Amino acid sequence: MRAAVFQGNGRLAIEDRPEPVITAPDDVIIAVEACGICGTDVQILNVPPGHPATPGTIMGHEFIGHVTAVGSAVSDLRVGQRVTVDADPKCGACTSCRAGRPANCLNLSALGIFRDGALASHVKAPAGAVYPLSEKPPREIAALIEPLACVVNGTNRAAARPGESVVVFGAGPIGCLFTAVLKAAGATPIVVVEPNATRAAVARAVGADVTVTPDELAVRRAELLPEGADIVVDAGGQPAAGLHRDGRHGRPDHPLRHERQRPATGPPGGDHREGADRPRHLHHQLHLPGGHPAHREWRVGPCADRQ
Ligand SMILES: [Zn+2]
Ligand SMILES: [Zn+2]
């Protein structure tokens, strides 16, 4: 089969690879129907890379497809079934998994990053990470389930309640998914900060009450969020986006929840916002969960059959 292989040092090449075959009792072979390209994929291919990956690995971790073969121990999936896959299969045995924090599994080995993924005709995944999926959603929508699951996880961590105010930095795919999910959760108003007019229009279409550029936010903050925001979502990615993530957007009297997809800089669990000062962060009891890997929330999205 033809496969898009990360060759290291910023190189991606189409190679001929053998189709995956069943080697373990819980293996599932999937014919890929659609596979997205994640910001992580771009980071992997940057020089120097912004995300680690194993050279020689077939890329692609946001995908759907149909089961073509299952191992001898797989009883709840059948050949021909449409499925999606948690691209970060959890081990179920490490201390994090046993403590009920599978997203922090110590033995994660992500498909498309550290083992072969889905930018190919076929991909192999462990049955525990494979979820049945309705035939109804169009492929280009269904392939968004993996990033949507990450966003649902982050939203649940933020414990959004109806009527709470939100500011979302960045209206890329993740920022727009957060906007849509928070809208569905009843959050209002939702203020999206985005310098790109095309992206801002998408954010309004999926639920933003108002979109502003970073400069406009600086002028209109007191008008738009007079008490500050209950929830701050940092989906801006790069400091170069020009977003003024200075930690002054939350309510001064209220524990503010701050969702971030991926710590781009700074230590894990640290305060990753440019210009943020730690005493203020601690004083206001900011909750800074890293909302990256999806786990149980795979079951609560709007698209998959079992959810
Ligand atoms: Zn991804
Ligand atoms: Zn584990």
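Q: Two strands count as paired if DSSP finds at least two bridges between them. With that in mind, how many bridges join β1 to strand β4 in this predicted model?
A: Strand β4 covers residues 57-58 and runs antiparallel to β1. Within this pairing, V5 stands opposite I58. The number of bridges joining β1 to β4 is two.

Q: Which residue in the turn between β1 and β2 has a positive phi?
A: Strands β1 (residues 2-8) and β2 (residues 11-16) pair in the antiparallel sense over six bridges, and R2 has D16 as its bridge partner in β2. The two strands make a hairpin, with two residues between them. The one with a positive phi, of about 50°, is N9.

Q: Now for the open sheet of five strands: which are its edge strands?
A: Pairing here is antiparallel, and the order reads β7-β3-β5-β6-β8. From one strand to the next, the twist averages 45°. An edge strand pairs on one side only, and that picks out β7 (122-126) and β8 (130-132).

Q: Which residue in β6 does I64 stand opposite?
A: β5 (residues 62-70) and β6 (residues 82-85) are antiparallel partners, paired over three bridges. Opposite I64 in β6 stands T84.

Q: Which helix gives the largest share of the largest nonpolar core?
A: This core has 68 residues, and V166, V168, F178 and V192 touch the most other members. At least three residues come from each of domain 1 (2-143) and domain 2 (148-283). The largest share is seven residues, from helix α4.

Notes: Residues are numbered from 1 along each chain as its sequence is written. Chains are lettered from A and ligands numbered from 1 in the order in which they are written. This is a predicted model: local features need pLDDT of at least 70, side-chain atom pairs count only at pLDDT 80 or more; totals for chains, interfaces and linings use all residues. Helices (H or I, at least four residues) and strands (E, at least two) are DSSP runs, numbered from the N terminus. Axes are lines fitted to C-alpha atoms, for helices over the stretch in contact, and angles run from 0 to 180 degrees between N-to-C directions. A nonpolar core is a set of buried Ala, Val, Leu, Ile, Met, Phe, Trp, Tyr and Cys residues joined through C-beta atoms within 7 Å. A residue is buried if 20 or more other C-beta atoms lie within 10 Å of its own, exposed if 12 or fewer, and partly exposed in between; C-beta atoms are placed from the backbone. Domain bounds come from an automatic or database domain assignment.
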